[in-house]
Amino acid sequence: NRQVVLKNSVTGFPKESDFEVTTSTICLKLPEGSKKGVLVKNLYLSCDPYMRVLMTNAHLYFPIDFYTPPQVLYGYGVGRVLESGDPKLKEGDFVWGITGWEEYSVIEDPQKLFKINHRHDVPLSYYTGILGMTGVTAYFGFYEVCCPKEGEYVFVSAASGAVGQLVGQFAKSLGCYVVGTAGTQQKIDLLKNKLGFDDAFNYKEESDLNSALKRYFPKGIDIYFENVGGKMLDAVLVNMREHGRIAVCGMISQYNLEKPEGVHNLLNIVLQRIRVQGFEVFDYYHRYSEFLDAVLPLIQARKLAYVEDMAEGLDAGPAALIGLFSGHNVGKQVVAVAPQ
Ligand code: NDP
């Protein structure tokens, strides 16, 4: 069983040397006594920014389970059931949920897995993203947390990524004016030409983010879908309209810092009566079937575009994961582990 192991707690930007791909022996049967567990063959693994937060056990005030290195990495993935002690799952079923970064995993608590009703017009890898955790994040983050209205001005950061590309398209379908930001010209072209954003700019080429935002939103921003934090948040705060909403999904610019950057313009929350709300995707998993009923037909009707970046093989996993923090990925970063 080939496995990606996190060797040590991480400081600063993660490096490939923080990981190692090792081989352990595995009996391809559920262990004796694992009455409810399932044995899965992992097919696709999802690279997600939150995984970096779990790699540094310094933030003891975060109520989350950190990795305890040396440890096989875990995260979201798609797999095929080889053996099941759970009556709801049988051999051959496809599932998505938390699994190991390895070829085969025993999942002791399959209640947390989502069974995939696999149809052949939608790739299975989509359940690592648009039909999985990131899709649910974008859908409820936008429709519920942002409380959007037709015609509003929407700004999305990390806009070409897994979550951002979907948020922008949901906002467009509601008749909003949508601008995204990303870190390369290739991503800007993607936002404008494939993902239907009204406009987009490269934040790395702007010396003054405040005036860039004024250029793209002369009347101000109603909704900011926050994926990056730091300087971008500060610049957005002084460009928000009255009663604007900021949905705080994540702050990737802060995950590798030992000390988070200060945000200076918080008083604008008061002056402009802005509602700032953080949210966690888990809060919406009980509404997964509602999400699927809404989003799957859009994919099938090709009304929703989706960009994936596929790395091949477990050995490519560490580089793919750390690439998120330098913007190496174009779209949702996935690792293909094995053929179906
Ligand atoms: P992406 O697919 O967008 O990948 C990360 C992207 O972030 C990179 O490609 C890069 O793009 C950008 N980025 C990296 N470092 C920086 C930086 N210092 N400043 C600005 N941009 C940077 O990731 P996801 O769509 O999966 O995640 C987006 C956000 O959503 C993250 O903050 C994540 O933690 C959060 N999230 C929150 C969830 C929740 O439940 N609240 C659930 C899922 C995700 P570029 O080239 O544009 O710089």
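Me: What phi does C147 take, and just after which element?
Reply: C147 takes a positive phi of about 45°, just after helix 2. Helices are DSSP runs of H or I with at least four residues, strands are runs of E with at least two, and both are numbered from the N terminus. This is a predicted model, in which local features need pLDDT of at least 70 and side-chain atom pairs count only at pLDDT 80 or more, while totals for chains, interfaces and linings use all residues. Residues are numbered from 1 along each chain as its sequence is written.

Me: What makes helix 2 largely enclosed by the rest of the structure?
Reply: A residue is buried if 20 or more other C-beta atoms, placed from the backbone, lie within 10 Å of its own, exposed if 12 or fewer do, and partly exposed in between. In helix 2 (residues 133-145), 11 of the 13 residues are buried, so the helix is largely enclosed. Among the buried ones are M133, Y139, F140, F142 and V145.

Me: Why does Q71 count as partly exposed?
Reply: Q71 has 15 C-beta neighbours inside 10 Å, so it counts as partly exposed. Q71 is found in strand 4. Leaving aside neighbours within four places in sequence, Q71 is in contact with V5 and L6; contact requires C-beta atoms, placed from the backbone, within 7 Å. Q71 and N8 are 63 residues apart in sequence, yet their C-alpha atoms are 8.5 Å apart in space.

Me: Why do strand 2 and strand 4 stand at the edges of their sheet?
Reply: Three strands form an open antiparallel sheet in the order 2-1-4. Strand 2 (19-23) and strand 4 (71-72) each have a single partner strand, so one side of each has no neighbour in the sheet.

Me: How do you know that strand 1 and strand 2 pair?
Reply: Pairing requires at least two bridges found by DSSP. Strand 1 (residues 2-6) is joined to strand 2 by five bridges, so the criterion is met. The two run antiparallel, with Q3 opposite T22.

Me: With which strands does strand 6 pair?
Reply: Strand 5 (residues 74-84) pairs with strand 6 over seven bridges in the antiparallel sense, and three bridges join strand 6 to strand 8 (residues 114-116), again antiparallel. W96 of strand 6 stands opposite V78 and opposite F114 in strand 8. Six of the seven residues of strand 6 (residues 94-100) are buried.

Me: What makes a set of residues a nonpolar core, and which members of the largest one touch the most others?
Reply: A nonpolar core is a set of buried Ala, Val, Leu, Ile, Met, Phe, Trp, Tyr and Cys residues joined through C-beta atoms within 7 Å. The largest has 96 residues, of which V167, F225, V236 and V335 touch the most other members. Helix 2 gives the most to this core, with seven residues. Among the contacts of F225 are G141, F142 and V167.

Me: Where do the domain bounds come from, and how many residues are in contact across the two domains?
Reply: The bounds come from an automatic or database domain assignment, which divides the chain into domain 1 (2-130 + 306-336) and domain 2 (133-282). Here 15 residues of domain 1 are in contact with 16 of domain 2.

Me: Which residues are closest to the ligand?
Reply: The closest are G161, G183, G250, S253 and G327, among 29 that surround the ligand; the criterion is a C-beta atom, placed from the backbone, within 6 Å of it.
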